[in-house]
Amino acid sequence: MRTTLLSPEYKRKITQAIGYEFDASHTYKYLSNLLMGLGYFGSAQFFKTEAIDESTHAQKWFDFVNDMQDVAELPTVSPMNFKIMTLREAFTRYYEKEYAL
């Protein structure tokens, strides 16, 4: 068994960061699906790309934790249950999520 190079506090913060990245990815994928259904195909593609970017950020944290001889935890992501009807609503959610990151 390898000895971790991360303090428990630092690992907790990294786990929290991973959770934020996956929550953002999950939200953007959901927004992409909603916008596709509303016929906003370009915006749907934008959010699809953003979802992939956020997953990539989370993977960088996983890689870092592995490099520190530890295993990152995979936090639970909340289900999406909101609806949007306009691009303004979608981009407001996007802004709020990015601002929180």
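Here are some worked exercises on the predicted model shown above.

**Exercise 1: The overall build**

Work out which helices and strands the chain has, and whether the chain is a compact globule or more spread out.

*Solution.*
- Step 1. Start by counting: there are three helices and zero strands.
- Step 2. Going along the sequence, you get the pattern α-α-α. The radius of gyration is 16 Å, while the globule rule gives 13 Å for 101 residues, so the chain is more spread out than a compact globule.
- Step 3. Now look at the box around the C-alpha atoms: along the principal axes it is roughly 50 × 20 × 20 Å.
- Step 4. Check the contacts too. Among those between residues at least 6 apart in sequence, 81% join residues at least 24 apart.

**Exercise 2: The nonpolar cores**

Find which residues in the largest nonpolar core touch the most other members, and which element gives the most to this core.

*Solution.*
- Step 1. The largest nonpolar core has 14 residues, and those touching the most other members are Tyr 28, Leu 31, Leu 35, Phe 47, Phe 82, Ile 84 and Ala 90.
- Step 2. Next, sort by element: α1, α2 and α3 (87-100) each give two or more residues to this core. Helix α1 gives the most, with six residues.
- Step 3. Zoom in on Phe 47. Leaving aside its neighbours within four places in sequence, its contacts are Tyr 28, Leu 31, Ser 32, Leu 35, Ala 90, Phe 91 and Tyr 94.
- Step 4. Don't stop there: another core, of seven residues, lies apart from the largest one, and its members include Leu 6, Ile 14, Ala 58 and Ala 72.

**Exercise 3: A little network of charges**

Trace the salt bridges that Glu 9 forms with Arg 12 and Lys 13.

*Solution.*
- Step 1. Take Arg 12: in its salt bridge with Glu 9, the closest N and O atoms are 2.8 Å apart. These two residues both sit in helix α1, three residues apart, or about one turn of the helix.
- Step 2. Then take Lys 13, whose side chain meets that of Glu 9 in a salt bridge at 3.9 Å, N to O. That still fits the cut-off, because a salt bridge needs the nitrogen within 4 Å of the carboxyl oxygen. Lys 13 and Glu 9 are four residues apart in helix α1, again about one turn.
- Step 3. Put it together: Glu 9, Arg 12 and Lys 13 are linked in a network of salt bridges.
- Step 4. Add the accessibility. Glu 9 is partly exposed at 40%, Arg 12 is partly exposed at 44%, and Lys 13 is partly exposed at 45%.

**Exercise 4: A link across the sequence**

Explain what the salt bridge between Lys 11 and Asp 70 ties together, and decide whether its two partners are buried or exposed.

*Solution.*
- Step 1. The closest N and O atoms of Lys 11 and Asp 70 are 3.0 Å apart.
- Step 2. Lys 11 is in helix α1 and Asp 70 is in the loop between α2 and α3, so their pairing ties together parts that are 59 residues apart in sequence.
- Step 3. Buried means under 20% relative accessible area. Lys 11 has 17%, so Lys 11 counts as buried. Asp 70 has 14%, so Asp 70 is buried as well.

**Exercise 5: Two tyrosines**

Place Tyr 20 and Tyr 40 in the structure, and say how exposed each one is.

*Solution.*
- Step 1. Tyr 20 belongs to helix α1 (residues 8-38). With 43% relative accessibility, Tyr 20 is partly exposed.
- Step 2. Tyr 40 is in the loop between α1 and α2 (41-67), and is partly exposed at 32%.
- Step 3. Look at the surface: Tyr 40 joins Leu 38 and Met 85 in a nonpolar patch of about 280 Å².

Notes. Residues are numbered from 1 along each chain as its sequence is written. This is a predicted model: local features need pLDDT of at least 70, side-chain atom pairs count only at pLDDT 80 or more; totals for chains, interfaces and linings use all residues. Side-chain values use heavy atoms; hydrogens and water are left out. Buried means under 20% relative accessible area, exposed over 50%, partly exposed in between (1.4 Å probe, protein chains only). Patches are made of residues with over 30% relative accessible area and no salt bridge: like charges are joined within 9 Å, nonpolar side chains (Val, Leu, Ile, Met, Phe, Trp, Tyr) within 5 Å. Accessible areas come from the Shrake-Rupley method with a 1.4 Å probe; for residues, only the protein chains shown count as cover. The radius of gyration is taken over C-alpha atoms; the globule rule is 2.2 Å times the number of residues to the power 0.38. Contact means heavy atoms within 4.5 Å. A nonpolar core is a set of buried Ala, Val, Leu, Ile, Met, Phe, Trp, Tyr and Cys residues joined through side-chain atoms within 4.5 Å.
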